[in-house]
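Reader: I'm new to this one. Could you walk me through it and show how each label is earned?

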Amino acid sequence: MEKEAQLARHRFAERYEYPSLWETQEMITELENRYLRYLDAETLPPTEQDFDLGKPRCTVSMYSSLLAQQRIANLEGLARARQHKPKRRRDEDARLHEEYVKMHTLGEADGGGVDGDNDENLEALVEETSVVKKEVFPPIGLRLTAEEQKQLLRFDLQGRKNDYVKTFLRETWMKEDVFEDLRQDLYCSIRETKPEDEDENVEAHPDDPDEVVRLSALRALLPLLPRDCARFTDQNVYATPSAMLSDMVAKLPTAGRLNEDQTLFMLRFGDVLDTVWKEEQELPPEERSVYHMLLLGQGGSGKTHVVQNLIFPVVQFIWPSSKEEESLMVVAAKNSQAKNISTEGVRAKTLHRAGCMRIQSLKNQDMAPGKKEKALEKTWKNVRVLIIEEISMVSALLYNMLDFRAMCGRRLPFKVDRDTYMKVGCAFGRVPIVIHLGDFFQLRPTGQISLIEDLNRRDEEGQYVHKEVPGIEVQHAQKLFSEIPDVYELRGTMRFKPQDPLIEILQCMRLGHTLPDRLWAQFQERVVRDEAPGIADARLDSENFQSGYCMSIYWASLIRMMYRRSVAPSYRRADAIRHWSFCKLLILVWA
């Protein structure tokens, strides 16, 4: 049987065939005979050249031996399991406890035991053995410490290292402490931006560490602010919010200076801040203005820089947030996007969390607040600025959900309700400033209607893509988004060096344009080719390539291990589905 199984493996591999009963000699012969009877012919019609035609096929007997050999191990394992049943968990726990007691209780000592008359020795021995060693059952934390992270990155937790890991650890950049330079840079930056009387600021806000960090970063850009002020109303240096914002923009470090497009957006934002600040002190809530702004730009154009380093600190300084009531609400469609735009002082939320929603129907009739009304009021009543990240991935239904639930949280103080929330100036419960960030040349909502999708679009055959008319929720969301008056686009990208051809190449891919011959030629220059047969490209021996290539393999391996637990069950489930589908297909073909 073993010889036949080995011969079956050899023949399947020689013909580049997957081991299957349908590829055996008897099955192929039977199928050919049936096909000839169907054609009423004596020979098969000519087909394409088959390079494996002369190679022998596996027989049914060989294939059966191959299957039998694969199942012997399983049968033997089942037999052993029936004979030697594993111990129950409670029995194993009891055994471990007994071993632990034996190791940590007082017993007979070597050399005749302990002298019963020597009370001091007895007390010392009892005291020594009564101490429970904490390292016997060390707790496994959910979050790794800094030292554990270093051990993981250096493969110190791996007991037996293979040749690849040993070679990898011999690299120069792996022998050095790559974290030391980062720590020194971080400490230097902290020392440079640390206020002289930082202790006084900490005492002024002992229960709010986020506010201490925020004020420290703000005073680094605005040294003229008094040390004892924690909000805009506590100072007399700047008469208006726009004046303070202009001073912050002017004192940004050289690497963070704004370009022309960013400056135009910030000028408009400063004017809006002045108006909202003034109307809040003079007008009732229902008479105040509402401003919606859209900031577009491809990846690396500087949207996040403007928001995190300017808008976040300015808004929180003008309208300080508390732990229970936030004045700045930052939301995104997915948790990963929310984490990307979050900072140490500002934590973004998903749209569902901001709306106190679970997975449920997003129709207005099903989104009544109910028991969540108090939570919505607590979340939304103090919001002055709403920022929506990656607006291109926010579906029309989610956009309307956020609008509707914000109205539910602000309906009493700002006098909005179900009948008025769709009117001009009442969106999002009359939140004064709503800023949308994103790029509609990137991903769209998964399986949902986007905010800019044409509801009357037709396919190639002239049929409407949307067979049914979308609900009032989708129509309202698209109408509200299309009426945004202030639209700005940040052109270019800051992720590459100037004049790098990758900028134009990625821009053509982003817009769906054909690459010009000039760009295609520059792209071909970067393709790795062997200089001669057996002689690799000389660029592969450069230090930058080797370090970067090894690092990419290193992190790719870590990522695969991180997601292995969650992906493995889905693969098993998918394999079962594919196997069943394949079986059904074989049954239909045989019939």
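Reader: What do the buried residues of helix 20 pack against?

Author: They pack against strand 1 and helix 21 (517–525). Keep in mind that this is a predicted model. The buried residues of helix 20, which spans residues 501–511, are Pro-501, Ile-505, Cys-508 and Arg-510.

Reader: What caps the N-terminal end of helix 20?

Author: Asp-500 does that job: one of its side-chain oxygens lies 2.9 Å from the backbone nitrogen of Leu-502. After helix 20 comes Gly-512, with a positive phi near 75 degrees.

Reader: Why does Asp-261 count as buried?

Author: Its relative accessibility is 9%, and buried means under 20%. The value falls under that cut-off, so Asp-261 counts as buried.

Reader: Where is Asp-261 found, then?

Author: In helix 13. Helix 13 covers residues 260–282 and lies across strand 1 (291–297), strand 5 (433–438) and strand 6, running at about 165 degrees to strand 1.

Reader: What makes the link between the side chains of Asp-261 and Arg-491 a polar contact?

Author: The two side chains are joined at 2.8 Å, and the cut-off for such a pair of N or O atoms is within 3.5 Å. So the distance fits the label. Leaving aside neighbours within four places in sequence, Asp-261 is in contact with Glu-489, Leu-490 and Arg-491.

Reader: Why are helix 12 and helix 13 called roughly antiparallel?

Author: Helix 12 (residues 241–250) packs against helix 13 at an angle of about 150 degrees, and their axes are 8 Å apart. Angles over 145 degrees count as roughly antiparallel, so this pair earns the name. From helix 12, the contact uses Pro-241, Ser-242 and Leu-245; from helix 13, it uses Met-266, Phe-269, Gly-270, Leu-273, Asp-274 and Trp-277. Sorted by class, the residues of this contact are six nonpolar, two polar and one charged.

Reader: And why are helix 1 and helix 3 roughly perpendicular?

Author: Check the angle again: helix 1 (residues 2–14) and helix 3 (residues 60–83) pack at about 110 degrees, with axes 7 Å apart. The range for roughly perpendicular is 65 to 115 degrees, so helix 1 and helix 3 belong there.

Reader: Which residues of helix 1 and helix 3 meet?

Author: On the helix 1 side you'll find Glu-2, Glu-4, Ala-5, Leu-7, Ala-8, Arg-9, Arg-11 and Phe-12, and they meet Ser-61, Met-62, Tyr-63, Ser-65, Leu-66 and Gln-69 of helix 3. That contact has seven nonpolar, three polar and four charged residues.

Reader: What about the sheet: in what order do its strands come?

Author: The order is 3-2-4-5-1-6, in an open sheet of six strands with parallel pairing.

Reader: What makes strand 3 and strand 6 edge strands?

Author: Strand 3 (349–350) and strand 6 (486–490) each pair on one side only.

Reader: How do you know that strand 2 and strand 3 pair?

Author: Two bridges join strand 2 (residues 328–332) to strand 3. Pairing takes at least two bridges, so strand 2 and strand 3 qualify. One residue to look up is Val-331, whose bridge partner in strand 3 is Lys-349.

Reader: How many helices and strands are there in the chain?

Author: There are 22 helices and six strands. The chain has 591 residues, of which 33% count as buried. Among its contacts with a separation of 6 or more, 68% are between residues 24 or more positions apart.

Conventions
Residues numbered from 1 in each chain as written. Predicted model: local features only at pLDDT ≥ 70, side-chain atom pairs only at ≥ 80, totals over all residues. Heavy atoms only, no water. Helix = DSSP H or I, 4+ residues; strand = E, 2+ residues; numbered from the N terminus. Contact = heavy atoms within 4.5 Å. Axes fitted to C-alpha atoms, helices over the stretch in contact; angles between N-to-C directions. Buried < 20%, exposed > 50% of the residue type's maximum accessible area, 1.4 Å probe, protein only. Polar contact = N/O pair within 3.5 Å; in protein donor to acceptor, adjacent residues only side chain to side chain. Parallel < 35°, antiparallel > 145°, perpendicular 65-115°, else oblique. Nonpolar A, V, L, I, M, F, W, Y, C, P; charged D, E, K, R; others polar.
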